[in-house]
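Q: Please give me a close look at a single part of the structure shown here, and then place that part in its wider setting. I would like the reasoning explained step by step.

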Amino acid sequence: MKDQIGGLFAGLGSPLLGAAFLNAVLFGAYERSLAHFQKIHAAEYPHTLLGLPYYFYAGAIGGAASTLVTCPVDVVKNKMQVMGLGHGHAQGNASGIKVPTTWDVTKSTFKSGGIRGLYLGTAPTIYRDVPGYGIYFAVYESLKRQFPELAAAEEHGDGEAHGAASLPIVVLSGGSAGCIYHAATYPFDVVKSVIQTQPTDHQGKPLHYKNTADCFKQIYQKQGWR
């Protein structure tokens, strides 16, 4: 039972270890880009809100920067998740085979494919996260602006009013933005995962899919849009 439950959490170590770095890069790049846009906007159009397209641009920049961390984290996570599911690896201790750790998979991936192996699926990751995080932050800001009390609290720097009004608004806005992000980018997430878990040769070269477009084509031919 312990091994069975553990199988449901396979690959958890990689995103846990990478989460801090991922969020630091994503939000760091986003905030710095947004501050730059706000400075330019304030000089030209003082006393007006920053346009939503700038939140999209800042989010897209953050998404592009985050792929440096997202891609290797996902490669390791996805490889561990498919072990024991007919992909040439055994999962669990019942068979007497040692279950690979996050570090084991990282080392073996780097040994067989080098840096390129850890960044397998970079293209669909970029296609997902650049527009995806642009959409996420633009939608998040747009939804927050639908609530005058929050906008007024932010404009006047009223921390107490902001705290009282923001929790349900932020939860609703963030949750809705997350749903739209996944709905808009999910096909690229599927392609990314398929590319990252495909078999490779002894040099780490993928055997099934030439590139993102080829993977899209093969998935569509076999299974259709669904």
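A: Glycine 224, just after helix α8, takes a positive phi of about 75°. The model is a predicted one, and helix α8 is the part examined here.

Helix α8 covers residues 212-223, which makes 12 residues. How far apart should the ends of α8 be, at 1.5 Å a residue? The expected span is 1.5 Å times one less than the number of residues, and for α8 this gives 16 Å. The C-alpha atoms at the two ends of α8 are 16 Å apart, so the model agrees with the expectation.

At the N-terminal end of α8, asparagine 211 acts as a cap. A side-chain oxygen of asparagine 211 lies 3.2 Å from the backbone nitrogen of alanine 213. Alanine 213 is also one of the exposed residues of α8.

Which residues of α8 are buried? They are Thr212, Asp214, Cys215, Gln218 and Ile219. When α8 is viewed down its axis, these buried residues fall within an arc of 160°, and they therefore line one face of the helix. The face turned away from this buried side carries Ala213, Lys217 and Gln221, which are exposed. The terms rest on relative accessible area: buried means under 20%, and exposed means over 50%.

The wider setting comes next. The protein chain contains eight helices and zero strands, and from the N terminus on its elements run α-α-α-α-α-α-α-α. The chain has 226 residues, of which 36% count as buried.

Helix α3 offers a view of how helices pack in this model. Two packed helices are described by the angle between their axes and by the distance between those axes. Helix α3 comprises residues 52-82 and helix α5 comprises residues 122-144; they pack at an angle of about 140°, with their axes 6 Å apart. Such an angle makes α3 oblique to α5, because only an angle over 145 degrees would count as roughly antiparallel. The crossing in which α3 passes α5 is right-handed.

Helix α4, residues 102-118, is a further partner: its axis and that of α3 come within 10 Å and cross at roughly 125°. The helices α3 and α4 are therefore oblique to each other. Their crossing is right-handed.

Individual residues add detail to α3. Leucine 52 lies in this helix and counts as partly exposed, at 28% relative accessibility. Leucine 52 and phenylalanine 137 are 85 residues apart along the chain, yet their C-alpha atoms are separated by 8.9 Å. Serine 66, also found in α3, is buried, with a relative accessible area of 0%. The side chain of serine 66 reaches the backbone oxygen of glycine 63 at 2.8 Å.

The loop between α2 (13-44) and α3 contains histidine 47. Is histidine 47 buried or exposed? Histidine 47 is exposed, because its relative accessible area is 83%, and the cut-off for that term is over 50%. Its phi is near 65°, a positive value in a residue other than glycine. A positive phi thus appears at histidine 47 and at glycine 224, the residue with which this account of α8 began.

Definitions and conventions. Residues numbered from 1 in each chain as written. Predicted model: local features only at pLDDT ≥ 70, side-chain atom pairs only at ≥ 80, totals over all residues. Heavy atoms only, no water. Helix = DSSP H or I, 4+ residues; strand = E, 2+ residues; numbered from the N terminus. Buried < 20%, exposed > 50% of the residue type's maximum accessible area, 1.4 Å probe, protein only. Arc of directions from axis to C-beta. Polar contact = N/O pair within 3.5 Å; in protein donor to acceptor, adjacent residues only side chain to side chain. Axes fitted to C-alpha atoms, helices over the stretch in contact; angles between N-to-C directions. Parallel < 35°, antiparallel > 145°, perpendicular 65-115°, else oblique. Left-handed = near helix turned anticlockwise from the far one by under 90°.
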